[in-house]
Amino acid sequence: MAGFFSQLLKRNAVEALPQLPASGDPFDMDWGSGQELDAVTYQVTSVLLRYPSEEMRAVLPELLELAAETGNEQFLTGVRAVQDWYATSSLEEMQAHYVQEYDLSRRHSFHLSYWTEGDTRRRGEALTRFKQMYRDSGMVTNLQGELPDYLPMVLEFTALVDARAGRAALQAYRPSLELLRLALRDDELPYYGLVEAVCQSLPGVSPETQAEVQNMVNVGPPKEDVGLAQLPASDPRLLPLLLPHEQRPGARVGADKTAPFAAQRSQNGAHQ
């Protein structure tokens, strides 16, 4: 993994990498907490990458305003691309497209460990590591039927809970992010600009081609029809966080599949 990062950053490994953790776990690397406005990029992207809905259409103007506040013109262009998609497509068309391209297609998977572990035995360990990150934060998390490596969930965690830990997880799966970015670019899909902005917020220079990423690290995903390791049961105390428009006092809160994932801090820390 360190070899991949030294190539990605295009520097000598001693100069580029923070101190390697004694655990050898890339989730324990300290890449810092990033820029203050990165949280806006992560949260807006987290919301927009989710299943299309009328609630999402309604909140788009506010998300566009938040994107403008970052001063990142490329990110703003990415949000506008999603807004244009909503403006030119019916909700039924968008939902069918979303299922086909992001739920069923392996080429645009939003599950980070799928790109590196595929459906193999190793993936169970990878998923458990994401879940451990959420537990270590003192938060409980409503997975809403998703696996814990689901990109919108990881982005929301990074934006609202623990920027340092979340950035370490994103950087640990940087090959997955870059391959997703390149696939979205090549297929001219509206989420490309959002994922590009996330990659730009992380240390190092993004590869230009999929071959460059694959030459740096063995990513696949591999195939092995053995099923996934069993994950811990869901915590019955899970409560969702709020969409940006729901975070104002008196705002009406809706609990559905488009609601955020991370939950409120556990009062007693017993969330195993």
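E188 lies in the loop between α11 and α12 of this predicted model. Although E188 is not a glycine, its phi is positive, at about 55°. The residue follows just after α11. Its relative accessibility is 71%, and because the threshold for exposure is over 50%, E188 counts as exposed.

The helix that precedes this loop has another character. Helix α11 covers residues 174–186, and at 1.5 Å a residue its 13 residues should span 18 Å. The C-alpha atoms at its two ends are indeed 18 Å apart, which agrees with that expectation. Eleven of the 13 residues are buried, so α11 is largely enclosed by the rest of the structure. The buried residues are R174, P175, S176, L177, E178, L179, L180, R181, L182, A183 and L184. An α-helix has 3.6 residues a turn, so residues three or four places apart point the same way. In α11, the buried positions form an unbroken run from R174 to L184.

One of these helix residues, L180, is in contact with F110. When residues up to four places away in sequence are set aside, F110 also touches L49, Y98, Y102, D149, Y150, L151, P152 and Y191. The largest nonpolar core has 56 residues, and F110, L151 and Y191 are the members that touch the most others. In soluble globular proteins, nonpolar side chains tend to be buried together.

Aromatic rings form a further layer of organisation. A pair of aromatic rings is described by the distance of the centres and the angle of the planes. The count for this model comes to 14 aromatic pairs. In one of them, the ring centres of F27 and F130 are 5.1 Å apart and the planes stand at 85°, so the pair is edge-to-face. F27 belongs to the loop between α2 (13–16) and α3 (38–48), whereas F130 belongs to helix α8 (residues 121–136); the two are 103 residues apart, and the pair thus links distant parts of the chain. F27 has a relative accessible area of 10% and is buried, and F130, at 0% relative accessibility, counts as buried as well.

Another pair leads back to the loop that holds E188. The rings of Y98 and Y191 have centres 6.4 Å apart and planes at 80°, so this pair is also edge-to-face. Y98 sits in helix α6 (residues 91–104) and Y191 in the loop between α11 and α12 (192–200), 93 residues apart, so that distant parts of the chain are again linked. Both tyrosines are buried. Ring pairs join Y98 and Y191 with Y51, W85, Y86, Y102, F110 and Y150 into a cluster.

Within this cluster, Y51 is placed in the loop between α3 and α4 (54–69). Its relative accessible area is 33%, and Y51 is therefore partly exposed. Y51 and Q95 are 44 residues apart in sequence, yet their C-alpha atoms are 6.8 Å apart in space.

The chain as a whole provides the context for these details. The protein chain contains 13 helices and two strands. Of its 272 residues, 52% count as buried. Among contacts with a separation of 6 or more, 74% join residues 24 or more positions apart. The chain exposes about 12,800 Å², of which carbon and sulfur atoms supply 49%.

Terms used
Residues numbered from 1 in each chain as written. Predicted model: local features only at pLDDT ≥ 70, side-chain atom pairs only at ≥ 80, totals over all residues. Heavy atoms only, no water. Helix = DSSP H or I, 4+ residues; strand = E, 2+ residues; numbered from the N terminus. Expected span 1.5 Å × (residues − 1). Buried < 20%, exposed > 50% of the residue type's maximum accessible area, 1.4 Å probe, protein only. Phe/Tyr/Trp six-rings, centres within 6.5 Å; stacked < 30°, edge-to-face > 60°. Core = buried A, V, L, I, M, F, W, Y, C linked by side-chain atoms within 4.5 Å. Contact = heavy atoms within 4.5 Å. Areas by Shrake-Rupley, 256 points an atom, 1.4 Å probe, with all protein chains shown as cover.
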